[in-house]
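Have the model open in your viewer, with residue selection and a cartoon view ready. We will walk from one stop to the next.

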Amino acid sequence: MAHTFKSGFVTLVGRPNAGKSTLINAVVGHKVAITSNTAQTTRHRFSAIVTRDDMQIIMVDTPGLHKPHDALGQELNTSAIKAMEDVDVVAMLIDCSKPIGRGDEWVAAQVNEVHAPHKILILTKADLVEPKVIEEQMKAAKKLARWDEIVVLSAKTGKNVSGFEEAVATWLPEGPKWFPDDMDTDQPLEVIVAEFIREKILRSFRDEVPHSIGVVTEDMQYERKKDLYKIYATIYVERDSQKGIIIGKGGQAIKQIGIEARKDLEQLLGCGVYLDLNVKIKKNWRRDLNQIRRFGYGEGI
């Protein structure tokens with residue numbers, strides 16, 4: 001009997017911090033999506049690609065669906081909702097460790113409205129709670145929509161991540177290999193670099209600063225003789241005070257961001273990295289749709 005190859009697109013949706021990016025990294029096997037405890041860590045809708053002998057799963061990571069407070073928030077929501085169109089499977093993630101609330105109900109309502117052929121529910125962060133709590137969460141989650149399947153997992157510990165792959169594989173149609181074997185994301189390198197830098201800022205600072213950050217990779221040059229990438233990037237903030245915080249006393253904060261980002265970038269690029277970071281102010285950029293799109297966030301033009 002001829003061996004059938006399955007392929008298709010799976011959109012991951014959920015509230016901010018439901019664990020979408022962590023799950024994507026766990027399935028791919030290394031880091032392609034940035035993660036932090038800050039809501040709205042993900043601003044780009046991008047695909048991560050996993051190719052196995054018998055299938056290719058294209059996972060679409062989306063910004064967390066939330067009640068928007070500015071143009072950036074609205075644009076991110078639009079991006080997430082649009083990502084549910086024309087896909088084979090929509091996977092809604094719910095954090096096991098938090099009671100199901102109005103936010104989840106609202107996301108489920110969006111999921112119910114789309115015409116995706118299959119919808120699966122993923123209960124994440126199962127390592128943080130007792131089995132009894134998971135059962136209660138499952139009961140509540142079952143009422144949110146008609147699910148083809150429910151998977152309980154912990155992306156952080158790797159527990160039952162294969163269960164997610166199997167569930168997706170069940171519902172994928174037969175299809176072609178959309179991407180080459182060695183490609184694990186459709187994000188341009190410049191975008192991944194900017195995102196890795198932004199992740200370090202999200203993890204280093206609290207409160208308002210992380211949301212005010214936009215990062216652009218200005219230039220990347222590879223020097224073959226030295227096996228070194230020279231990367232020049234600009235961190236944009238909205239106010240003078242934020243610029244001061246990012247730079248830190250005697251430049252300590254930005255130096256630390258550079259050290260941490262460089263480690264990740266050297267792993268990503270497989271060579272040495274020289275990283276030059278600049279900080280500039282762009283007042284109220286989160287309210288300016290043109291500026292949001294210039295950063296490449298949301299839907300673009």
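Start by selecting Asp95 and Thr124: Asp95 stands opposite Thr124 of β5. Widen the selection to β4 (residues 89–95) and β5 (residues 118–124), which pair in the parallel sense over 7 bridges. Here, strands are DSSP runs of E with at least two residues and helices are runs of H or I with at least four, both numbered from the N terminus; two strands pair if DSSP finds at least two bridges between them.

A word on what you are viewing: this is a predicted model, with local features needing pLDDT of at least 70 and side-chain atom pairs pLDDT 80 or more, while totals for chains, interfaces and linings use all residues. Residues are numbered from 1 along each chain as its sequence is written, and side-chain values use heavy atoms, leaving out hydrogens and water.

Next, show the whole open sheet, whose 6 strands run in the order β2-β3-β1-β4-β5-β6 with mixed pairing. β2 (46–51) and β6 (149–152) are at the edges with a single partner strand each, so one side of each lacks a neighbour in the sheet.

Now add helix α5 (residues 161–171), which packs on the sheet and touches β1 (6–14), β3 (55–61), β4, β5 and β6. Contact means heavy atoms within 4.5 Å.

Finally, select α7 (residues 240–247) and α8 (residues 252–269), whose axes come within 4 Å and cross at roughly 60°. Axes are lines fitted to C-alpha atoms, for helices over the stretch in contact, with angles from 0 to 180 degrees between N-to-C directions. Show Ile245, Ile246 and Ile247 of α7 with Gln252, Ala253, Ile254 and Ile257 of α8 as sticks: they make the contact.
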